[in-house]
Amino acid sequence: MAFNPRDLYDAAALYDMWLNCQSCPKTFDFEPNRPIGLDYYHDIGQQAKRDGWVVAEQVDTENPSEQSYMVLCPHCAAHYGLSARDVQQCPVSPAIEEICQAMAQAEREQFAA
Ligand SMILES: [Zn+2]
């Protein structure tokens, strides 16, 4: 399995770097055992999904070009009646596409060096 920009968990982990619950101080604390890159964020996203965290895309009506995610820890998600199973795949947003390309480019340069 590799990074999937259509998977909200992968996208949110990449974009936010850390998954912080929006309704309590909880942070998803997980350090993949691999170098930082797209697959590193993929590991974070998928582990959060397994642990029951809920991620949803948020549209900022004042800044529609800004990417934003709503993140809830399993406890708060249950409180709102949400579950990781409800999370849908999404079209790749331009912001995520851009970071992916930059990150893939950086990885290629690392290997070339
Ligand atoms: Zn929470």
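## The overall plan

The protein chain in this predicted model has four helices and two strands as its secondary structure. Reading from the N terminus, the elements of the protein chain come in the order α-α-β-β-α-α. The radius of gyration of the protein chain is 14 Å, close to the 13 Å that the globule rule gives for 113 residues, so the chain is as compact as a globular protein of that length.

Here are a few more numbers to keep in mind as you turn the model around. Taken along the principal axes, the box filled by the C-alpha atoms of the protein chain is roughly 50 × 35 × 25 Å. Of the 113 residues of the protein chain, 22% count as buried. Among contacts in the protein chain with a separation of 6 or more, 70% are between residues 24 or more positions apart.

## Helix 1, a mostly covered helix

Let us begin with helix 1, which spans residues 8–16. This helix is mostly covered, with seven of its nine residues buried. The buried residues in helix 1 are L8, Y9, D10, A11, A12, A13 and L14. What lies over them? The cover for the buried residues of helix 1 includes helix 2, strand 1, strand 2 and helix 4 (94–112).

A12 is a good residue to look at within helix 1. Is A12 buried or exposed? A residue counts as buried if 20 or more other C-beta atoms lie within 10 Å of its own, and A12 has 27 of them within 10 Å, so A12 is buried. Setting aside its neighbours within four places in sequence, A12 is in contact with L19, G45, V55, Y69 and V71. You can also compare sequence and space with A12 and I99: these two are 87 residues apart in sequence, and their C-alpha atoms are 12 Å apart in space.

## Helix 2 and its buried side

Helix 2 covers residues 38–50, which makes 13 residues. From the first C-alpha to the last, helix 2 reaches 18 Å, close to the 18 Å expected at 1.5 Å a residue. Which residues of helix 2 are buried? They are Y41, H42, I44, G45 and A48. These buried residues cover an arc of only 165° around the axis, so they sit on the same side of helix 2. The buried residues of helix 2 pack against helix 1.

A48, one of those buried residues, has several partners elsewhere in the chain. Not counting residues up to four places away in sequence, A48 touches Y9, A13, L19, F28 and W53. Just after helix 2, G52 takes a positive phi of about 90°.

## The nonpolar core

How many residues does the largest nonpolar core have? This core has 20 residues, and A12, A13, L19, A48, W53 and V55 are those with the most contacts inside it. At least two residues of this core come from each of helix 1, helix 2, strand 1 (54–59) and strand 2 (67–72). Helix 1 gives the most to this core, with six residues.

## Loops worth a visit

The loop between helix 1 and helix 2 is where you will find M17. Just after helix 1, M17 takes a positive phi of about 70°. Most residues other than glycine have a negative phi. M17 has its positive phi although it is not a glycine. A residue with 12 or fewer other C-beta atoms within 10 Å counts as exposed; M17 has 11 within 10 Å, so M17 is exposed.

Q22 is also placed in the loop between helix 1 and helix 2. Q22 has 14 other C-beta atoms within 10 Å and is therefore partly exposed. Leaving aside its neighbours within four places in sequence, Q22 is in contact with M70, V71 and L72. Q22 and Q47 are 25 residues apart in sequence, with 18 Å between them in space, C-alpha to C-alpha.

A last stop is E66, in the loop between strand 1 and strand 2. Is E66 buried or exposed? E66 is exposed, because 11 other C-beta atoms lie within 10 Å. E66 and A95 are 29 residues apart along the chain, and their C-alpha atoms are separated by 7.5 Å.

Note on methods. Residues are numbered from 1 along each chain as its sequence is written. This is a predicted model: local features need pLDDT of at least 70, side-chain atom pairs count only at pLDDT 80 or more; totals for chains, interfaces and linings use all residues. The radius of gyration is taken over C-alpha atoms; the globule rule is 2.2 Å times the number of residues to the power 0.38. Two residues are in contact if their C-beta atoms, placed from the backbone, lie within 7 Å. The expected span of a helix is 1.5 Å times one less than its number of residues. The arc is that of the directions from the helix axis to the C-beta atoms. A nonpolar core is a set of buried Ala, Val, Leu, Ile, Met, Phe, Trp, Tyr and Cys residues joined through C-beta atoms within 7 Å.
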